[in-house]
Amino acid sequence: MQPRNMSMSGVVDLAAVKAAGEAKAKAEQARAQAARQGGGGAEPPSALVIETDEARFEHDVLQRSAEVPVVIDFWAEWCEPCKQLSPLLDRLAKEYNGRFVLAKIDVDANQMLMQQFGVQGIPAVFAVVAGQALPLFQGAAPEAQIRQTLDQLIQVAEERFGLTGITVDQDASGEAAEAPVPAGPYDALLGAAMDALDAGDFGGAIQAYKNVLADDPANSEAMLGLAQAQLLGRVKDMDPQRVRKDAADNPGDVQAQIAAADLDLVGGHVEDAFGRLVETVRRTAGADRDAARVRLLELFEVVGPDDPRVTASRQALARVLF
């Protein structure tokens, strides 16, 4: 199992492999800071299995992974294999008693996380260790295989990153387990944007992200959120069948290709979206070429600049432009 780097800014970055020593140092630093702040004590059993989302991902998964391996279960209510796997993972998390924490992510409500991890089907299980992403397995695997995978994960976490898990107090209720997360200067606006996204108010989310960027133009969370909200706003009223038929029937129609690329990306078909627009740029000129190029750059922002698919597509774009 080879760890892959994950950005600590809340944007998943599966592009590069970082040295284990660097990640271990960060984990040790985070544990030392928690100890200075009075953390590191025993935690209640409720801390072993949590439900998280895009808004809480950095706190629940990335920061938490500096203390204990976090196993991520990507699931959905309609997914029958998920109904077999999820209870098994819940039981194993409690049985392993703090050697790892299980974070459950509903893909229907968190499509951007699904895309950023490159999830092709569910159930899909990943892990994050000291900020490093590890793909574990996909599908409802046998319990023996899952146990073997978890044992390997725990061994990697301990040997490479010095993570030995958390102490669990079986008698604790969990009421006081969650410490308040310090509010950042734009947390209220970013929270409002996320609430608007959850409510399907993409216009409100776009405005909230723009309000953050007006004061802090380099705010990476707001830039990513704005790109995501704009994309979701564009596709919400689309008829997928009609859009794809128009694109297939009219390969020279730039707007048809752009609309289909938006749908491709929202559906998790990242390479298809990028490839469609690179090809559109290649065979067009003038305003049409510029429209396809600009949309492609916008989609790069949605996925994240360090994603290897973005890097490859940037190179492909450069080849057709120059």
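The following questions and answers concern a predicted model, in which local features need pLDDT of at least 70, side-chain atom pairs count only at pLDDT 80 or more, and totals for chains, interfaces and linings use all residues. Residues are numbered from 1 along each chain as its sequence is written, and side-chain values use heavy atoms, with hydrogens and water left out.

Me: How many helices and strands does the chain have?
Reply: Helices (H or I, at least four residues) and strands (E, at least two) are taken as DSSP runs, numbered from the N terminus. Counted in this way, the chain has 13 helices and six strands.

Me: What share of the 322 residues in the chain is buried?
Reply: Buried means under 20% relative accessible area, exposed means over 50%, and partly exposed lies in between, with a 1.4 Å probe and protein chains only. By that criterion, the buried share of the 322 residues is 45%.

Me: Is helix 3 parallel or oblique to helix 5?
Reply: Axes are lines fitted to C-alpha atoms, for helices over the stretch in contact, and angles run from 0 to 180 degrees between N-to-C directions. Helix 3 (residues 80-96) and helix 5 (residues 143-161) pack with their axes 12 Å apart and at an angle of about 45°. Angles under 35 degrees count as roughly parallel, over 145 as roughly antiparallel, 65 to 115 as roughly perpendicular and the rest as oblique. Helix 3 is therefore, relative to helix 5, oblique.

Me: How do the residues of the contact of helix 3 with helix 5 divide into nonpolar, polar and charged?
Reply: With contact meaning heavy atoms within 4.5 Å, the residues that meet include Leu85, Leu88 and Arg91 in helix 3 and Ile146, Arg147 and Asp151 in helix 5. Ala, Val, Leu, Ile, Met, Phe, Trp, Tyr, Cys and Pro count as nonpolar, Asp, Glu, Lys and Arg as charged, and the others, Gly among them, as polar. The division is eight nonpolar, no polar and five charged.

Me: Which peptide bond is cis, with omega near 0°?
Reply: The bond leads into a proline in the loop between helix 4 (111-116) and strand 5 (124-129), where Pro123 has its place. The cis bond runs from Ile122 to Pro123.

Me: Is Ala130 buried or exposed?
Reply: Ala130 sits in the loop between strand 5 and strand 6 (132-138), and its phi is near 50°, a positive value in a residue other than glycine. Its relative accessible area is 11%, which makes Ala130 buried.
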